[in-house]
Structure formats: C-alpha cells, structure tokens
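Me: Could you walk me through a protein model, one question at a time? I am new to this, so please explain the terms as we go.

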Amino acid sequence: MPDKKNEASEKVKKKTAKKPSSKIHAQNVKNFYSDLKLDGMIFAKIIRSPKKSGILKNIEAKNLPEGYFLITAKNFPGKNSIETLGTTCEIFCSEKILYEGQSLAILAGPEKKVLDEIASSIKIEIESASFEKKVLSQKHVVVGGGREKNISKYFSRAAFTVRNKWIYRLNSTPQNETDGALCHFENGSLTIFTPTHWPHHLTQTLGSAFGIDEEKILINKTLSSMPNTNSLWGNTLLVCQICAASIVAGKAVKLTLSQSEHARFFANPGEVAITHRTALTKEGTIKAASIDIDFDAGAYNPFAQEIIDRLTIASTSIYHFDRLEITAQAISSPNPPTSVNLETMDSASFFAIENQMQKICSETGFSPDEIRMSNSTVLKNEKTKMPFVLKIERAGDVFEAVLRQSDMRRKFATCKINSEFGYEKIASYKGHGIFPRGTGFACAYDASGYYGTSIFEYGQKMQTTLQKDGTFMIHAHTPSAPVLEIWKTIAAEILQIELKMVKMNSDFKLKDEPLTPENFYSNLAIMTGLLRKCCQGIQAKRFRTPLPITVSKSITKAQISQWNKIKFRGIPFSSTSFVTLALDLKIDPCTFLPKIKNIWLAVSAGKILAVKEAETKIKFSIQKTLAELMEGERLEAEKISIAFINSETESKQIGALIKKALPAAFSAAISQALNCNENFLPLKSNSLFTLLSQAKPAEKSEKEENKKGGPQ
C-alpha cells in the first residue's frame with residue numbers, strides 16, 4: 001500500500017450529499033482510499049465460492065460475535081443485481097455459481113484478524129451442477145472467394161501454406177494499491193471513496209441497487225495506480241458489496257482487496273487464441289488468409305462485442321489480403337469475468353499477425369522487411385480494397401528508419417544461419433561462451449476513437465469556459481500529467497494567455513457527469529482535437545461576447561459515418577499512430593533466460609509537442625511490458641533507441657504502441673534463437689528449456705514432411 005500519511009491527514013470528515021443537484025456530485029480526491037479513515041470505521045472481507053460451478057444451497061456463520069455482520073443474497077438491503085451495457089450479474093450469488101471465487105457474501109467487523117478467523121469457519125453448502133458455455137459475441141468477415149464466399153480453393157494452389165496457432169494472455173504487473181473502497185451510509189445518503197474510472201455507471205448502479213436518489217450519492221474518486229488495472233464494472237460491483245455492509249452495519253466500511261484477488265478478478269485479461277492460415281505465391285505475395293479468433297471471456301464480459309470487433313479489425317494489422325476470412329467469437333467459461341483494457345484490447349491480434357509474418361519468413365526464406373513490404377499497402381502508401389481502411393502517416397518512413405537503425409536484414413540472416421545449430425551448441429556447451437541469438441521485428445498501430453462502438457455513441461465531450469478574470473477552465477476527466485501540459489500549451493497559444501491561466505476542473509454536477517469511462521477514448525487523440533475546437537470557438541467569440549463564454553464540442557455524426565457498422569467496413573478510427581520495433585536477444589545457456597541486448601523503434605504520432613515526455617512514456621511502457629513477458633522474471637533491455645517521425649498534424653496517442661508491438665518482436669526473436677515455434681505468452685521460468693527440448697524433433701519432422709510432399 002502507499003505510504004501512510006500522518007494521523008491527522010488520515011482522518012476524513014463524514015460527508016453527505018444533501019443537495020448535489022446544485023453541488024458537486026463526483027469529485028477528485030488527492031488521496032489513496034486505503035489511507036483514509038472515518039470515525040467508527042469497520043473492515044470487510046469477501047466470502048468467495050470454492051467451486052467453479054454448482055448450486056448454492058446455504059452459507060452460514062454460526063454465533064457471530066457482537067459487532068460482526070454477514071450479508072448474503074438473502075439479507076441484501078436492496079436489489080441484488082447490477083446491469084452493465086445490457087449484461088446483468090448478481091451482487092452476491094443467490095443460487096447458480098458461475099465461477100470459482102464468485103462473491104457469495106461479505107463479512108464485516110472491527111478487527112481484520114477476527115474476520116479471517118470467522119471466514120475460515122463459515123459453512124458453505126454447494127450442490128454439484130455443470131457449467132454451460134455460451135457464445136457471448138461473434139463476428140464473421142469474408143473478402144473475395146466469389147459468390148460462395150469460399151477461399152479454401154486458394155490454399156490448395158499455393159506455393160506455400162503456413163499455419164499456426166498463437167496464444168496470448170499478458171497479466172498486469174502487481175500494483176501499489178489494489179482495488180477497494182471506503183463507503184459510508186448516513187442519513188439516507190451514500191458517500192464513496194474509491195478509485196473508480198466510471199463514476200456515471202457507479203452512481204446509476206448504486207441508486208438502482210439500494211433505491212437511493214442519485215442526488216444523495218457523493219462519489220469521491222481517489223488516486224489509482226493505473227486505469228488498466230481497474231475492472232470498470234468490477235469496481236462498481238465491489239462498491240455495491242461494501243455499501244451493503246455499511247447499510248446493514250450502520251457504520252463506515254472499508255475493504256481492500258489482496259494482490260491475488262485483484263489479479264484474478266480485476267486485472268484478468270482472459271486468454272485469446274488466434275489461428276492463422278496463410279497461402280502465398282512463390283514470390284511471397286499473400287494469395288489468401290484464414291484467421292480464427294477465440295476469446296475466453298470468463299463467466300461474462302459486458303464489453304465482449306467491442307473486444308471481438310477490435311480483435312477482428314486488428315487481426316490483419318497493416319497488411320493487404322485480396323481473399324480473407326475472419327471468424328471471431330467470445331465464449332463464456334467457468335473462469336472469473338474478464339476485465340478490459342480499453343487501450344490494448346486488440347494487442348493479441350498484433351501478437352498473432354506479426355508472429356505469423358515471422359513464421360512465414362522462417363519457412364519460405366524471405367526476410368521480415370520483404371514479406372511485410374510486399375503485402376502492405378500502408379507501407380507503400382497505396383489505396384487498399386481491404387474492409388478496414390487505416391489513416392497512418394509516413395508508415396514507410398517509420399519502417400525504413402528501424403531497418404536502418406537495427407541493421408535488421410543482416411542480423412536476421414546471420415541469426416537464421418546460426419540458429420539451425422543452436423540445439424547442438426547448447427547440448428555440447430562446455431563453457432566456451434556460445435549464446436544462441438535471435439532477432440525480432442514487429443509493426444503495430446494504436447487506434448483512437450472506434451467509430452463502430454455501440455456502447456457510447458456521441459458520448460465523448462469537451463467543455464471549456466473563459467471566465468471573467470481571464471482564467472480558461474477545461475472541464476473534463478483529468479488526463480495524464482504530460483497530456484495536461486500539452487492541453488495547457490494548446491489553450492495558451494490559441495487564446496494568447498499565460499500558461500498559468502489555464503486550469504483543469506474534473507469535478508462534476510450530476511447533470512454534467514460524463515457517460516463514458518475516463519479511458520474509453522484516448523485523452524490525447526480525441527479530446528485534444530475537441531479542446532482545440534473549443535479554444536477556436538471561444539477565440540472567435542471573446543471580443544464580441546461578454547465573459548464568461550462557454551463552448552462545448554463532441555464527436556460529430558459525420559465523423560462516425562465514415563465507418564459502416566452493418567457492413568463492417570470503412571474508416572474505423574478517428575486517428576492512428578504507428579510503430580515499427582526491432583530487438584535482438586541472446587539465450588543464456590546456463591539459466592535458459594533471455595537477455596535483451598537492443599530495442600530499436602520508430603514512431604509516427606503526428607506533432608510531438610513534448611519529445612522528452614514522449615520518450616519517457618515509451619521507455620516506461622517498455623519496462624512495464626518486459627515485466628509481463630515472463631512470469632516471475634523482470635526482463636530488461638540493455639539499450640533502447642527511439643526515433644520520432646514528426647509531422648504537423650494533430651498529436652496522436654502513443655501509450656499502447658509498445659504493448660502491441662514488443663511482445664510479438666520478443667516472441668519472434670525467441671523462436672529464431674531456439675529454431676523453434678514460440679507461440680504463446682507469457683513464458684514461464686522453464687518455457688525456454690521446454691521449447692529447446694522440443695526444437696530438434698520438431699525440426700526433423702518438418703524436414704521429413706517437406707521431403708514427402710514439399711510446400712503445401
């Protein structure tokens with residue numbers, strides 16, 4: 001947990017929301033909720049299901065000590081369910097258990113140690129029952145294939161056919177503060193302290209669950225570690241559980257999840273398995289491609305369709321396919337509900353397509369740059385007939401910059417020759433310093449503002465006011481510190497005012513509260529454009545209209561119409577940044593751990609207003625992503641080289657670029673170093689040893705197959 005403040009600062013005065021219709025309803029608090037205290041506060045603990053499925057018959061805690069409370073579905077003080085984007089789930093399980101760890105009850109009392117003792121003695125009776133899997137969402141796209149929309153015939157005629165399955169599941173690194181809340185019900189009003197990223201959803205749900213007027217709910221948004229570690233609806237569910245304990249106990253209640261609970265139930269990305277089958281000519285041109293995407297959504301995921309849409313679009317990345325079939329589906333399972341990182345939900349698709357390109361190179365002899373350049377209209381700046389049209393600036397320049405920096409062509413050829421003998425070298429290692437080496441290459445884009453969303457149409461809004469004293473107020477969710485500085489700079493330049501006169505206001509009255517989660521769209525790409533329009537609108541009025549002047553801007557219908565949701569084609573995103581990344585690594589023959597020597601990358605993201613801040617953000621993202629690639633190991637890069645391909649267009653988001661490109665390049669480098677097929681992430685501590693053991697037989701089988709039938 002974060003460092004504790006002194007006792008005086010830990011005390012929080014009891015607050016109620018008597019008339020928030022005219023006062024602030026949702027406001028930022030510069031504290032971690034875990035540091036806060038209220039007079040008479042007690043603690044809580046979630047009682048979870050020990051089984052993956054079944055029928056809950058009874059849950060009982062006998063002889064509870066005075067001052068301790070057990071709240072279940074049977075004595076819940078309101079409606080025992082919440083709804084998120086059409087998906088309904090129970091606050092506490094009343095009968096049918098959907099996954100191991102599902103919330104059955106909440107236990108509350110003054111002593112944490114006593115809570116643990118009571119929890120271990122609670123009797124839970126569960127009757128056996130099977131779990132039925134369901135298809136939660138799906139998408140099917142076919143390009144080419146004639147009237148029958150059948151592309152299978154092109155595979156039998158191809159000079160090369162390359163097929164592989166790629167499995168991706170990267171968990172977030174542990175956080176300083178896990179999710180939780182401090183809740184207090186008093187005089188018919190609810191006061192909440194929690195790191196929510198979706199205040200609107202939390203308010204509506206609390207009002208519905210407990211029958212409380214939304215004007216009597218005060219949301220204090222506390223500091224949080226990172227937006228992508230907070231399950232948007234999971235936080236709402238947890239707050240409802242804690243509020244139920246507060247209402248029953250009549251006291252303020254605080255609950256802080258353990259690291260294991262947070263990882264399983266709040267930072268659970270789910271597993272994505274993507275199978276690529278690619279048919280190529282002898283010149284290396286892709287004739288046809290078949291892509292199958294399976295997403296394990298856990299018990300449920302309200303964003304399942306959004307995730308499937310984004311995985312489908314990203315599955316082809318920047319590449320062109322005359323004939324293409326994509327089948328994607330999200331399937332429920334008896335695992336905890338998956339979370340959603342709105343910025344990196346499509347990372348698995350980039351991991352799969354870039355590794356497929358590397359495998360094509362390995363099996364056909366083409367170099368990574370040759371196979372990509374010959375199959376990408378984006379890199380060649382040509383028009384495409386693909387259903388997904390991307391607006392990417394100077395992609396070819398980004399691509400060439402990394403090729404020059406990394407000397408990729410020579411390194412790839414050298415490592416390819418050496419890797420053929422990697423197994424024998426390690427097997428006969430006698431201390432003569434031989435390290436198998438590999439090089440990886442990947443491209444990816446970071447898209448902002450998906451026009452095909454059916455969740456929050458026209459929900460993105462920026463409101464600004466030039467006040468009488470000359471202060472310019474931006475009323476929106478607070479972005480990251482570098483982005484905030486960019487916003488202030490833009491406003492100061494357009495309005496010709498001092499930087500200190502630009503202020504941020506992230507507190508909202510009930511009627512003004514944003515509908516969308518804070519990180520639903522990129523704060524930089526979408527909101528910066530809206531801010532610029534607001535400033536221009538105020539500047540046009542300021543000398544003809546008395547102050548204060550308020551101007552609001554939002555995404556227009558004309559922008560959204562660039563994407564046809566029914567036909568699933570057109571321009572899907574408001575803007576896209578682009579990255580090309582290369583790395584080389586070596587495998588330690590004693591520890592079987594990879595050591596990353598160099599990472600080279602180039603980025604196209606419009607006008608870079610703060611170069612040092614952008615470099616810092618990218619390096620931080622690299623370190624964070626490297627920490628997720630191997631379980632129990634924190635990888636580091638010895639040298640990182642970053643280049644920006646600048647332009648004068650609107651700045652674009654770069655925060656998710658590394659998460660989309662680095663895993664693929666890393667996996668490709670491992671595959672080349674060990675002369676094997678490394679098709680999954682994250683790796684375990686023994687993964688490289690296992691792959692190495694399998695590499696030689698796999699290589700022999702492949703050669704025998706080629707002798708019999710040649711390329712398929």
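Reply: Here are some questions and answers about parts of this structure. It is a predicted model, in which local features need pLDDT of at least 70, side-chain atom pairs count only at pLDDT 80 or more, and totals for chains, interfaces and linings use all residues. Residues are numbered from 1 along each chain as its sequence is written, and side-chain values use heavy atoms, with hydrogens and water left out.

Me: How far apart are the end C-alpha atoms of helix α10?
Reply: Helices (H or I, at least four residues) and strands (E, at least two) are DSSP runs, numbered from the N terminus. The expected span of a helix is 1.5 Å times one less than its number of residues. For the 12 residues of α10 (395–406) that gives 16 Å, and the model agrees, since the end C-alpha atoms are 17 Å apart.

Me: Is His477 buried or exposed?
Reply: Buried means under 20% relative accessible area, exposed over 50%, and partly exposed in between (1.4 Å probe, protein chains only). His477 sits in the loop between β21 (472–475) and α13 (481–495). Its relative accessible area is 13%, so His477 is buried.

Me: Which residue of α13 is in contact with His477?
Reply: Contact means heavy atoms within 4.5 Å. Neighbours within four places in sequence are left aside, and the contacts of His477 then include Pro199, Met504 and Glu518. α13 covers residues 481–495, and the contact of His477 that falls there is Trp487.

Me: Are α13 and α14 roughly parallel or roughly antiparallel?
Reply: Axes are lines fitted to C-alpha atoms, for helices over the stretch in contact, and angles run from 0 to 180 degrees between N-to-C directions. The two helices pack at about 20 degrees, with axes 9 Å apart. Angles under 35 degrees count as roughly parallel, over 145 as roughly antiparallel, 65 to 115 as roughly perpendicular and the rest as oblique. α13 and α14 are therefore roughly parallel.

Me: Which are the edge strands of the open sheet?
Reply: Two strands pair if DSSP finds at least two bridges between them. The sheet has 8 strands in the order β1-β14-β13-β12-β15-β2-β8-β4, with mixed pairing. An edge strand pairs on one side only, and here these are β1 (26–28) and β4 (69–72).

Me: What is the bridge partner of Leu70 in β8?
Reply: β4 and β8 (103–109) pair in the antiparallel sense over 4 bridges. In β8, the partner of Leu70 is Leu107.
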